[in-house]
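Reader: Could you walk me through the empty space in this one? I'd like to go through pockets before cavities.

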Amino acid sequence: MELIHSLWLLLLMPLAWGILLLVQPFARARVDGVVSVVLYGGLSMAGWLLLRSTGQVPGTVIELPVHWQLLKTYSVNSGIYIDYPTAWMVFIVGLVGSCVALYSCRYMQEETHRSRYFAYLSLFVFAMLGIVLVRDLLLIYVGWELVGLCSYLLIGFWHERSEARRAALQAFVTNRLGDAAFVVGIGACLLLTGSTDLLQMQQTLPWWAALCLFGGTMGKSAQFPLHFWLPDAMAGPTPASALIHAATMVAAGVYLLFRLHPLFPDSTLLVIAGLALITILWSALLACVQKDMKRVLAYSTVSQLGYMILAIALHNPAGGFAHLLTHAFFKAGLFLSVGAVIYYLHHWQEKKGLHFDAQNMFLTGGWARRALWLAIPYGILAAALAGFPLTAGALSKENIIMSVWASHARFGQVAYYLGSGAILGALLTAFYMGRQTGLIWLRPAPPEQAAAFPAQPHATFIIPLALLSVGSLWFWWSPNPMSLEAGAIWQRLKAPEASLPHAIGYLTSAGALFMFALGAWLYGFSPKGKTAHNEPYLQPLARLLYRFCCLQDRVIRYLMDVAKPNEQTESIWLQDRLTAWGLKLCRAAHQFDSKGIDRLINGLGKITVVAAHVIAWTDRQIVDGMVKAIVGMARLAAYIGSRLQSGILQEYAWIAIVALALIVLGVAI
Amino acid sequence: MKQLFSNPFIESFAHRFENIYQSVGFLLPEAALLAGIVLLLLLAISTRKAYGLRLAFWAVAIMMASLFAQLFFLVGQLRSLPDEAPLYLMADTLCVFHPLQIQARIALNLGALLFGVVFLFELLGHYRKESVEWLFWALSALLGLDLLLLSAHFLTFYMSFELSSIATYFLLSVGRQRRQHEALMKYVLFGAFASALMLYGISWIYGLAGSIEFTQAAFWQHLQAAPSLWLYIAWALFAAGVFFKLSVVPFHFWAPDAYEGAPAMSLAFVSAIPKVAILAFMMLLNSRMAAFAALQTVWGQLLMAVALASLLLGNFIALRQHNLKRLLAYSTIAHMGTLLLPVVAAGYEGAEEVFLYYWAVYALTLFVAFALAAQQQIDQIADLRRFNHTTGAKLAWGVVAFSLAGLPPTAGFLAKLGVFVHFWKMAASHNLALLLWVTALLSTAVALAYYIKIPYALFFKQESEAGAPAGADAALLPAMMIALLLVLAILWGYPFA
């Protein structure tokens, strides 16, 4: 246990590395990527060791040598708390971080500011570790804001593009909205329980405080109605999206809820569950109509986060946490494999001098036949997301659905509605994944794109993908491929006693298989003879669905009263509303400010100016004169001294001898 | 057989042999250095393609290996010193051991190791073809300095002093351009002049004491009996060589000229490393005469006068300099003046720590400065403006300026503070010392005026965006690491009791 006490050094290493990279960019050498990979790899090893060592003990508290007395009666507990979930989070952050860093070595190779990218990544890892390791809510909040900042910086990494700037700002502001509620919640905790220490808070909070705390989760984990920032955040570099907006940062909200939910009253938890269900269905529906391949995955992330929150809200923390972990594996992997497609298309496009949207799924196809090495990991990962048997995703997601179904014992009839909704969401998930598989991988490629396919796989792409897709298979998580209950996570995290209805799980799996096949068939196998790639050429049924979606799009646009036709209608509408409200608030504050406070400040300002004039006069006349005299003397001395340095050796020798003699005489007499 | 050994000549021979055999162990650190030197020499003459990057890396490897071996033996010696014990441990009449002496030798070794690391990164940046010679002379100078610290006799002192001097001449000549050989020649001649004065001084000392074995009490007793004016003359002449090596007034003339054309890497070695050996030797000498108050007064007053002159002259002339290396040369003169304070006050408790800390900080700062200057090939301070520095390089330059000036966020501040606080113990009861203390304090303020030129040129007078990119970036890494260390050192707080 001695080693564990120096864990906080581990926490500081990514910080130090990030700062070093910011201060000293490595433009030519590949140091930044390689060191990052090694650093995060080391982190994941440490996480693994922690996981092994926390298998027996309930939790370790490490006191840091810092004591932060904030108020007289209240001090922030700066210790670190390590238990089983923490160890898992450290492991997953390190593992996905190192995969993403390795992947970025090639993906970001030609960027001028590559070092800055790695610096942000490293700072993010530091902040994320901070969130999972510290035990005080106030310190969690510090990490919370830091990951928000890193997310902002990474979304806006290509700040030359206006949509990246906009998306970064939107993400930041939306998160602040949730965080404002979170701060109020922390204050409420302090007020009601006298502590913000996670280990000391025991009593149940009132509903309003719990909802405020959930506000933080809502912003960070992109829950309805604050979910719209996440799809727009895809303007950032794809590997960063994989780490931050798929695997770790957005899961921080879930992690917070995981820690806090024992303090929440049941009524609040039910409201949270309802919101989670709306999130699941709403974003799954939106994922079915996206053209941009990354946005599909982003909406799917929102929807999967909804599952985790649903599970935790219905008192199944083990299932929710397990889904967080499996989701980190397969969603990060999906982002990386889709990112590879975008990378190759982008390069081909640049070589040919073409201009089309490389992320539009309708403008490409046939990748399975040309790049099988990329298609196999994608297949595994997509299957995991869709919930196929033998995958990790199926284990955790079906566990959630079953536990929702079984929670009627505690929550009553409403559990069935929630459960049905969750099943519907799972079917939709399978459908849009099938759709994406059909569009990108199975459909015949546009003939002119033959050159876009990579001749040979790149190891920097293959290794992370292989790692993540192997991790998405069932046997790591539970020896029984049909149930999570045999796995260590379930057994460790004190699952509820109720027996789960396994039949529901099997049915969902079968349904998912069917919906996936339907999606893939509808979008992947087009009628013969139609090769136009700008207009979607689709099966009649798919065309109908597409038209329906277009119609739905128009209706939404009409309802929201936005004149400009835009892909991101929904988010812009919400954003405009929020901005308008915010502006009103600002104006009101300004009115208040300019009446009373401004006058006071003006008066003070005038007094200062008069005083400054007086001081300036004294300065010029008296102080400056003295300074000038001193400077003049110094100049004179310097002049005389440097005249001695004549450059003639004989003079040097004479001066030395005479000076030595003078010194001897001076000292001796 | 027994007959043979009872022969007095043979017996004394056998006794001597035994003695030599037993004391070889004390010279293992030097043996390691010597082995490194020989290997470097063999490397230089045995390869047909005399110059090549791989050869250079091999040379660095040899140097590092021999330095590590030396460090290993030195640490062993330090450990084997008895804790409470006689201050001096005589291994033979030719060498003595003392904690400060071994610490100073370790400091020399660590400085050379650091030099090796910076040199390695320098090689990565831009390859220099003279690297084997360079390292050879560096190691030779190191051996000379090491032996100098070991010496117990003015003659051995003189020999090792000359060894290090000659190596230093060559070190400063390597890689120099033709037209700059004039300054070097002056340096060599002036050095010869100074060491002649020193030899003359030693002969005076011999005349006064009848012996030059300064580890013997009899030597000091005889010396004390001599008239004080003769003593002043003898010590002043002896000190000429030492002052030359330290580049303090009035033997400072060589420094600015020789620095100006020398490659920055040589300067990093010459300007920082030898000083610790010379100063430590002077400190040891000073503490030897502790029992002889009259002698100590002579020696102390001499040093104080020189320190006073160096502080004033160095700092004021530096105000007029525009060339970075000349500026650093004058700054060295001033810093040596400051470093003489703990040497003078060696009798007061804690002098060793203050001295070693100050030297270490000063040497590290100079390493950063010269490593940066070497990477970016900067001569004039104005040159700093021409390049597009990375933020890291800018900050490192800033740390250099602040640390040399002794401003708070750096270790330079702690070092200065330590020296001043320590010297106050002496200044409180001694007029000349008080004058020196006040001068040192005030000249620190003067020094600010010229050190600030460096950050000013970097942060406020940047010429254009389209400047040349500055230096190889990975090679700046050690410099920045050291700079960071200099800042972080402040976290450990005031290191002296």
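Reader: How much space lies in the largest pocket?

Author: Bearing in mind that this is a predicted model, the space in the largest pocket comes to about 940 Å³. Its lining is made up of 36 residues, and those closest to the centre are W158(A), R161(A), I342(A), H346(A) and Q359(A).

Reader: Which helices supply at least two residues of that lining?

Author: In chain A, helix 6 (162-193), helix 8 (229-232), helix 12 (293-313) and helix 13 (317-352) each do so, and helix 13 of chain A gives the most, with six residues.

Reader: And where does the pocket lie relative to the domains?

Author: The largest pocket lies between domain 1 (1-179 + 224-260) and domain 2 (279-537) of chain A, because both of them give residues to its lining.

Reader: How do the lining residues divide into nonpolar, polar and charged?

Author: For the largest pocket, the lining has 13 charged residues, along with twelve nonpolar and eleven polar ones.

Reader: Switching to cavities, how many are there of 30 Å³ or more?

Author: The count is five cavities of 30 Å³ or more, and the largest cavity has a volume of about 100 Å³.

Reader: Which residues lie nearest the centre of that largest cavity?

Author: Of the 16 residues that line the largest cavity, N315(B), A334(B), T338(B), K416(B) and A447(B) lie nearest its centre. Helix 18 of chain B contributes the largest share of this lining, six residues, and the lining as a whole divides into nine nonpolar residues, six polar and one charged.

Technical notes:
Residues numbered from 1 in each chain as written. Chains lettered and ligands numbered in written order. Predicted model: local features only at pLDDT ≥ 70, side-chain atom pairs only at ≥ 80, totals over all residues. Heavy atoms only, no water. 1 Å grid on protein atoms, 1.4 Å probe; cavity = no way out; pocket = protein on both sides within 12 Å on 5 of 7 lines; lining within 4 Å. Points joined across faces, edges and corners; volume = space filled by probe spheres on them. Helix = DSSP H or I, 4+ residues; strand = E, 2+ residues; numbered from the N terminus. Nonpolar A, V, L, I, M, F, W, Y, C, P; charged D, E, K, R; others polar. Domains from an automatic or database assignment.
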